[in-house]
Amino acid sequence: MGDKPIWEQIGSSFVQHYYQLFDADRTQLGAIYIDASCLTWEGQQFQGKAAIVEKLTADEDPIMGFHQIFLLKNINDAWVCTNDMFRLALHNFG
């Protein structure tokens with residue numbers, strides 16, 4: 001079927017990189033956000049690289065199901081997250 005579409009390659013690479021940083025050293029996540037980035041975490045909103053990293057490094061919650069959506073933008077040949085939406089998956093509909 002050929003290579004994956006470029007958008008799928010970018011998304012897969014970004015997600016892999018994000019969760020490697022998240023698991024290893026969350027303070028390094030600042031590199032993928034910009035000062036105009038927004039994070040919505042369970043209805044709470046955080047804006048800016050520093051506020052987002054502070055939120056992501058503050059919690060050591062138990063592993064739970066969740067949904068996360070990233071809006072990516074290419075700025076100066078680097079992909080950054082301009083909007084990150086996180087929501088716990090609290091209900092099992094299966």
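Let's start at S37, which has 0% relative accessibility and therefore counts as buried. The cut-off behind that word is under 20% relative accessible area. Keep in mind as we go that this is a predicted model.

Where does S37 sit? The residue is found in strand β1. Its side chain makes two polar contacts with backbone atoms that we can follow one by one. One reaches the backbone nitrogen of I34 at 2.8 Å, and I34 lies within the span of β1, residues 33-41. The other goes to the backbone oxygen of C81 at 2.5 Å; C81 falls within strand β4, residues 78-88.

Now widen the view to the surroundings of S37. Leaving aside residues up to four places away in sequence, S37 touches F46, Q47, G48, I52, C81 and T82. Two of these names, F46 and Q47, belong to strand β2, which covers residues 44-47, while C81 and T82 are part of β4.

Those neighbours lead us to the strand pairing around β1. With β4, strand β1 pairs in the parallel sense over five bridges. One residue pair to look up on screen is T40, whose bridge partner in β4 is M85. With β2, strand β1 pairs in the antiparallel sense over four bridges. Here L39 stands opposite F46, and F46 is also among the residues that S37 touches.

Finally, follow the chain from β1 into β2. The two strands form a hairpin with two residues between them, and in this hairpin E42 takes a positive phi near 50°. If you are checking backbone torsions, E42 is a good place to pause.

Notes:
Residues numbered from 1 in each chain as written. Predicted model: local features only at pLDDT ≥ 70, side-chain atom pairs only at ≥ 80, totals over all residues. Heavy atoms only, no water. Pairing = 2+ DSSP bridges. Buried < 20%, exposed > 50% of the residue type's maximum accessible area, 1.4 Å probe, protein only. Polar contact = N/O pair within 3.5 Å; in protein donor to acceptor, adjacent residues only side chain to side chain. Contact = heavy atoms within 4.5 Å.
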